[in-house]
Amino acid sequence: MTSPTRPAPVDLAHHSHLTGVYAPQRTEVDVDDLPVTGSLPESLRGSYLRNGPNPRFDPIGSYVYPLDGDGMVHAISLADGKAAYRNRFVRTPMVIAEEAAGQAIWSGITDGHTPSVAEVGPDLAGTVRELPDINIVSHAGRLMAMAEADRPYLLAPADLATLARTDCDGAMRVGSTAHPKIDPVTGELVLFNYGLEAPFLTWSVIGPDGSAVRTPTPVEGLDTPTMIHDMALTERYIVLFICPLRFDLVAAMTGGSLLSWRPDDGTRIALIPRDGGPVRWLTMDPIWVWHFANAFDNPDGSVTVDYVEWTYPNGFTDDPRRDTSALVRARLDPNGPVTRTTISEKAVNLEFPRVDDRLLTRDHHRVATVAKGPGDSGDLDSLWFHDLQAGTETCWTPGVAIGEPIFIPSADGDLWGAIGTDPESMRSRFYLLAADDPAAGPVATVDLPIRVPAGLHGAWLPA
Ligand SMILES: [Fe+2]
């Protein structure tokens, strides 16, 4: 049954994030023994996992990337020198109901339209689409498809089947960032969550056994609902940048934008002691941050944090300046100033900074990012490798649209892995680059059996 008020279909053909390398993939496959160019290390066993927005049916109402879309998780599994591929939708109740109906029922989340009892029954009527489509995180035996400020879905590692929504023993009771951080030394998973109502910010800790060590704990000192996408973690602190992108519920209810850029507020930085002590607040000029690379404590008590700094959040302001990004290293003195140094010199519009996850909370010397290379493809099309000790950066431009690089530890030589799609042929490949010499190009390239839409974040899951 179609609701008379159901929004009209989105104009797919003219939507930049529903066409080309972003076009949704609706086929689910399991394919073994994929064609490989080069050679996969025999000792390498595990899966490269990646999540991303991928609407199950053609969207209705509106489609705002990267907020909308259902989650689709892609797994490239490596063992004995062979590669296999599997992909599955994250089957939320909304995806299941839409599959029964054979079409989209829920509209884009910025629309305000929700389905009726007649359409979806009493349990789902009035709900908004759940969006566990941003990241995939493995911790304490839980493989979780992560959403923005919401509870994740558990997936079965063996076949990516959706199992259930989880609150992780209460630690994610009010939700979680899609970018929690795992301390590789303590085995703890540390997370924050922002809310539209007080308390506007909480933090939680999950122990290495999966139990809640700290349930959601309010962060004092934030009195406005604010969007915060990512966090960094050191041995002592949770590091949060409170950039001035505010939720404006009054504007949203009167036809305006839900999110409002308020540069006059500046950026505030919260250093939240992991031992539960009082939060240290720092201030600096307004910037926007989607993603952090890593952070660590210095012997003098200061904190070093590497992140991608944007001039402002694109699409939320009419700032006349060009919106640019750079990899930046900031030194945060808990008692004083913030000093920032730009690391990247040549990369343009870089994003998705990653380090070897075994070095989270500790000093690292390598960061990889994705950026816009030479040429006019319009897509992020090059991988950049920044050596912070040597002060050098190298680039590999494969001639395709390329996604987030993930560090893959290997006894036969560490690797970076990334998925790319040729915008002409629409063929997707998985590239493995030697971490010691990534600019030399792939040591192995795996041909994927179907197109993998350009997406968001992933992880390496050792077997
Ligand atoms: Fe993200």
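**Exercise 1. Work out how strands 10 to 13 are arranged in their sheet.**

Start with the order: 4 strands make an open sheet, running 10-11-12-13, with antiparallel pairing. Strands here are DSSP runs of E with at least two residues, numbered from the N terminus, and two of them pair if DSSP finds at least two bridges between them. In general, strands of a sheet pair through backbone hydrogen bonds, either parallel or antiparallel.

Next, look for the edges. These are strand 10 (181-182) and strand 13 (212-218), each of which pairs on one side only.

Then zoom in on one pair. Strand 10 and strand 11 (residues 189-194) run antiparallel and are joined by 2 bridges. Across from Lys181 you'll find Val190 in strand 11.

Before going on, a word on the model and its numbering. This is a predicted model, where local features need pLDDT of at least 70 and side-chain atom pairs count only at pLDDT 80 or more, while totals for chains, interfaces and linings use all residues. Residues are numbered from 1 along each chain as its sequence is written.

**Exercise 2. Find Gly403 and decide: buried or exposed?**

First, place it: Gly403 sits in the loop between strand 28 (401-402) and strand 29 (406-408).

Now count. A residue is buried if 20 or more other C-beta atoms lie within 10 Å of its own, exposed if 12 or fewer, and partly exposed in between, with C-beta atoms placed from the backbone. Gly403 has 28 C-beta neighbours inside 10 Å, so it counts as buried.

Finally, list its partners. Skipping neighbours within four places in sequence, Gly403 is in contact with Val370, Ala418, Ile419, Gly420, Ala454 and Gly455. Contact means that the C-beta atoms of two residues, placed from the backbone, lie within 7 Å.

**Exercise 3. Track down two cis peptide bonds and say which loops hold their prolines.**

Take Tyr65 to Pro66: this peptide bond is cis, with omega near 0°. Pro66 belongs to the loop between strand 3 (46-50) and strand 4 (72-79).

Now try Ala198 and Pro199, joined by a cis peptide bond with omega about -5°. Pro199 is in the loop between strand 11 and strand 12 (201-206).

**Exercise 4. Describe the setting of Ala140 and Ala149.**

Begin with Ala140: its phi is near 55°, a positive value in a residue other than glycine. Its loop lies between strand 6 (135-139) and strand 7 (142-146). Because Ala140 has 16 C-beta neighbours inside 10 Å, it counts as partly exposed.

Move on to Ala149, a residue other than glycine with a positive phi near 55°. Ala149 is in the loop between strand 7 and strand 8 (153-155). With 18 other C-beta atoms within 10 Å, Ala149 is partly exposed.
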